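Subject: Handing over the structure

Hi there,

Here is the structure I promised to pass on to you. Please open it first, and then read on for a tour of what turned up.

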Amino acid sequence: MAHVIVPPGWRLPERMAAPKELYLNRRDFLRRMSIGGASLGLAACSDRVATIAPSGGGPGHEMGGPGGTGCDANPPSDPLATICAPPNPDLYPASPNPNFVDPPGTLPYEGLTDRRLVASHNNFYEFIGNASSVHSVWGFTGPFRIWPWTVEIAGEAEVTGRFDLEELEREFGLEERVYRLRCVEAWSIVVPWTGYPLRKLMEKFRPLSSARYVRFTSFLRPDQAVGQRTQPWYPWPYYEALRMDEALNELAFVATGVYGGALPKQNGAPWRLALPWKYGFKSAKSIQRIEFVRERPSTLWADVWPEAYGFYSNVNPWVPHPEWSQEFEEVLGGPPRARTELFNGYGEYVADLYDPELLTYAS
Ligand code: MTE
């Protein structure tokens, strides 16, 4: 499998490109596409063998020619060359939080996933072009500019407006937590994230009691993200959401780094969510907007294929994906077939948030 690019199963052939009138109403179009089922959704499991593309072999040249230096080199020279120096370098490496040094649960734990593997096996559809796969996402990130980065806070909160990421980071301080990440595609990794509890961020903006959900929106920059240009059938920008009590849970984490340094671009630089009890797609990357809302918002994958990707999407071995079982997972760099645990092993933190009935279907 090394260096062989297998097109993921969801990729639409050219002949199915969206007709103009359908594209103008994208959500409606996505619903129609999902009636057919399997063709549109998260990448197929068959494309899971971890490989690192050869140095300089990233397909960044498709982005409009070489350019940039350092972390902005296009194409990047290596999966780890996409790490830009953080604006607060003195905050790295952060001290480990003693409560999250080892992941809980009974899954085999053979230590942290190799950091090159974490940087070279990614789901980040903004950077998945027509000729790429999970193994080459990093190679498309060259044109993505991450500093300076602001986040817009909106909706039902006392404090709203634009905030600089580097100032928030300094205000809250940083810590390290080792979490498991279980992708809905049945692979998993164990990662030392650097960041701060999402709760600290939420509380700063003093959400009103009317705020029952919080919505996260990633960036929209088709000029920098090949996937946003070549896959117009996705309702960009990427959007996700949590119930307020989920966002305030002790586990919900804002990640600004991994392995003691800043995040590689392909892992969601300059910041992303890390929600270890939920399938990985709930952990939105490169967030630019946070909105407190009254009603339950829709989420990108639920709009694309509601039967497969529900709002809660807690890790649950008893509820299969329409196309594959969720009973087992491949721990990347570790056991190829480990038994998946309810809530990814984090039940002691989150089980009481949910009605047990929710656990019996893809909610
Ligand atoms: N966030 C954005 N903006 N775009 C994406 O495509 N993919 C999700 C999630 N966050 C995604 C995203 C999925 S499906 C997974 S499994 C994780 O990111 C993968 O994170 P990793 O590449 O750092 O392992």
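Let me start with Lys-282, which counts as buried at 1% relative accessibility. Its salt-bridge partner is Glu-240, with 2.7 Å between the closest N and O atoms. Glu-240 is buried as well, with a relative accessible area of 1%. Lys-282 belongs to the loop between strand E10 (272-274) and strand E11 (287-293), while Glu-240 sits in strand E7 (residues 239-243), so this pair ties together parts that are 42 residues apart in sequence. Elsewhere, salt bridges with shared partners connect Asp-72, Arg-145 and Lys-265 in one network.

Before going further, please keep in mind that this is a predicted model.

More salt bridges

As general background, side chains of opposite charge can pair when their charged atoms come close. How many salt bridges does the count come to? The count comes to 16. Two further examples involve helix H5, and you may like to look them up in the viewer.

One is the contact between the side chains of Lys-204 and Glu-171, which meet at 3.0 Å, N to O. This salt bridge links distant parts of the chain, since Lys-204 is in helix H5 (residues 198-204) and Glu-171 is in helix H4 (residues 165-172), 33 residues apart. Lys-204 is partly exposed, with a relative accessible area of 24%, and Glu-171 also counts as partly exposed, at 48%.

The other is formed by the side chains of Arg-199 and Glu-203, at 2.9 Å from N to O. Here both residues lie in helix H5, four residues apart, or about one turn of the helix. Arg-199 counts as partly exposed at 37% relative accessibility, and Glu-203 is partly exposed too, with a relative accessible area of 43%.

The disulfide

Which cysteines are joined by a disulfide? Cys-71 is joined to Cys-84, with an S to S distance of 2.1 Å. The pair ties together parts that are 13 residues apart in sequence, because Cys-71 and Cys-84 both lie in the loop between helix H2 (26-35) and strand E1 (95-96). The torsion about their S-S bond is about 95°, so the disulfide is right-handed. The count comes to one disulfide. Are Cys-71 and Cys-84 buried or exposed? Both Cys-71 and Cys-84 are buried. Another cysteine, Cys-183, is buried with a relative accessible area of 5%.

Space inside

Rolling a probe the size of a water molecule over the atoms shows where empty space is left. In this structure there are five cavities of 30 Å³ or more. The largest cavity has a volume of about 300 Å³. It is lined by 23 residues, and the closest to its centre are Asn-123, Arg-272, Gly-280, Ser-283 and Lys-285. Which strand gives the most to this lining? Strand E5 (residues 187-197) does, with three residues. By type, the lining of the largest cavity divides into 13 nonpolar residues, seven polar and three charged.

Some backbone points to check

Most residues other than glycine have a negative phi, and most peptide bonds are trans. Four places in the backbone are worth a look with that in mind.

- The peptide bond from Trp-236 to Pro-237 is cis, with omega near -5°. Pro-237 is placed in the loop between helix H6 (226-230) and E7.
- The peptide bond from Ala-269 to Pro-270 is also cis, with omega near 0°. You will find Pro-270 in the loop between strand E9 (261-262) and E10.
- Tyr-259 is not a glycine, yet has a positive phi of about 50°. The place of Tyr-259 is the loop between strand E8 (253-258) and E9.
- Ser-313 is not a glycine either, and has a positive phi of about 45°. This serine is in the loop between helix H8 (300-304) and strand E12 (328-331). At 7% relative accessibility, Ser-313 counts as buried.

If you would like somewhere to begin, try Lys-282 and Glu-240, the salt bridge at 2.7 Å. From there you could go on to the lining of the largest cavity, with Asn-123 and Arg-272 among the residues closest to its centre.

Happy exploring, and best wishes!

Technical notes. Residues numbered from 1 in each chain as written. Predicted model: local features only at pLDDT ≥ 70, side-chain atom pairs only at ≥ 80, totals over all residues. Heavy atoms only, no water. Disulfide = S-S within 2.5 Å. Helix = DSSP H or I, 4+ residues; strand = E, 2+ residues; numbered from the N terminus. Buried < 20%, exposed > 50% of the residue type's maximum accessible area, 1.4 Å probe, protein only. 1 Å grid on protein atoms, 1.4 Å probe; cavity = no way out; pocket = protein on both sides within 12 Å on 5 of 7 lines; lining within 4 Å. Points joined across faces, edges and corners; volume = space filled by probe spheres on them. Nonpolar A, V, L, I, M, F, W, Y, C, P; charged D, E, K, R; others polar. Salt bridge = Lys/Arg side-chain N within 4 Å of Asp/Glu carboxyl O.
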